[in-house]
Structure formats: structure tokens, C-alpha cells
Amino acid sequence: MDQERPLRERLIDAGVELVLSEGADAVGLREIARRAGVSHGAPRRYFPTHRSLLSAIARRGFEDLGVRVAAVVGAPDLTPRARVRTIGCAYVDYALERAGMFALMFRHDLLDSTGQGPSEGPRLRESTLPMFDLLVTLVRRCGAAEPSVTAAALWANLHGVAQLWRWGSLPLVLGGATDGGVERLVGAAVDAHLGPEPV
């Protein structure tokens, strides 16, 4: 771990590593301090509660996912529907690659989304909305009658695809045929919520 980075960032780095290797349930202030090479009381200066620490870790996950989504939807020749599909694939891929972080990021029941200080930037809950707003905008451009509801239903469907694929349920019901399975399921989810693709 880079000892030159500010201590708050090093503590978050240690938390991210712990979430990715062992899951959110393994994250504790003492273990974070040990991994960062500081006294067990040091994290309390920056994270007065366990929730505030988990929130800082989850924020990193949202930043990472946001960068990935921006990278794949930036192509100028994509239609709005193709962008929705691309976002869906990036979302599910992220969930499968970074399962511990993904499991933490959407647990607002565990996260401190309202009590952060002004120096920490926007509250966590607010930092999660831009990606959903992008999805709503694209769904609207695809002609959905209720873009917010359609986008929310699609998001829930994609989240379910990610979870059920990771747990092995979807590969099981698909007869073990996993080649291109995630992309096909994302495409089917997009079609189910936006209707058949215009010819």
C-alpha cells in the first residue's frame, strides 16, 4: 500500500481490497487499520461509524462502475437502444468481476447515505443517481411511455441477471450453455422492457 497517499485514502484502499477479497461482512475498522499499518483507533478520525466507512468504500465502487459505463457508451455511432444494451452488459460484467463490491454498493440499508460531512462531496445516495438518470434518458429516447418506471424495471431485471448468474442459477436453467449467455440475457431483458427492436 502506498504510504505517500493521505491516510483517509489508504484506509479506503484497504477497505476496497478487503471487500473484493472477502466481502463486505469482513470489513471492520480494526482490520482496515491493520492492513493500512496504523493504530486501530486511527480510522475513527475519518470514519466515526462503520456505515461511514462502508459508504466511502461503496463510493469507490460507483466511481469505478461509472468510468466503465462512460467508456462503453461513448461511441458516437450507437443508437439509444444499443447504449442501453451496452450499459446493461457493463453493469452485469462489473457485478460478476467485482462481486463483493457490487453486493455492497446497493445496500443502502447498510450505508450512510445522509450523514456525511460537506468535505466528503455529495451524499452517497446522490452519487448513485447519475447512472440511473442516464438510463432513464436513453429509455425515453427509445420511446418508452413511462421512462422512469421502465428504466427501474430494467435495472431490477439486470440486477437479477447478475445475481442469478453469479449464484449459478441461470447457467443451470440454460443447460450449462454459458457462451454469450450474459449478453443474450441482457438483450432479452432490454427487448422485454423496450419491446422488439424496430426493423
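Which residues in H4 meet which residues in H8? In the predicted model, the H4 side of this contact consists of Val84, Gly88, Tyr91, Val92, Ala95 and Leu96. The H8 side is made up of Leu154, Trp155, Leu158, His159, Val161, Ala162, Trp165 and Arg166. Sorted by class, the residues of the contact of H4 with H8 comprise 11 nonpolar, two polar and one charged. Helix H4 spans residues 80-97 and helix H8 spans residues 147-166. The two helices pack with their axes 9 Å apart, at an angle of about 35°, and the crossing of H4 past H8 is right-handed.

Helix H4 also packs against helix H7, which covers residues 129-141. Here the axes cross at roughly 145° and come within 8 Å. The crossing of H4 past H7 is left-handed. From H4, the residues involved are Pro80, Arg83, Val84 and Ile87; from H7, they are Leu134, Leu135, Leu138, Val139 and Arg141. The contact of H4 with H7 contains seven nonpolar and two charged residues, and no polar ones. Val84 of H4 appears in the contact with H8 and in the contact with H7.

These helix pairs belong to a protein chain with 10 helices and zero strands. Along the sequence, the elements follow the pattern α-α-α-α-α-α-α-α-α-α. The protein chain has 199 residues, of which 42% count as buried. Among contacts in the protein chain with a separation of 6 or more, 61% are accounted for by residues 24 or more positions apart. The exposed surface of the protein chain is about 10,300 Å², and carbon and sulfur atoms supply 55% of that area.

At the level of a single residue, Ser52 was examined in helix H3, which runs over residues 50-73. The relative accessible area of Ser52 is 7%, so this residue is classed as buried, the cut-off for that class being under 20%. A polar atom of the Ser52 side chain lies 2.7 Å from the backbone oxygen of Thr49. The buried side chain of Ser52 is thus placed beside a backbone atom of Thr49.

Notes
Residues numbered from 1 in each chain as written. Predicted model: local features only at pLDDT ≥ 70, side-chain atom pairs only at ≥ 80, totals over all residues. Heavy atoms only, no water. Helix = DSSP H or I, 4+ residues; strand = E, 2+ residues; numbered from the N terminus. Buried < 20%, exposed > 50% of the residue type's maximum accessible area, 1.4 Å probe, protein only. Contact = heavy atoms within 4.5 Å. Areas by Shrake-Rupley, 256 points an atom, 1.4 Å probe, with all protein chains shown as cover. Polar contact = N/O pair within 3.5 Å; in protein donor to acceptor, adjacent residues only side chain to side chain. Axes fitted to C-alpha atoms, helices over the stretch in contact; angles between N-to-C directions. Left-handed = near helix turned anticlockwise from the far one by under 90°. Nonpolar A, V, L, I, M, F, W, Y, C, P; charged D, E, K, R; others polar.
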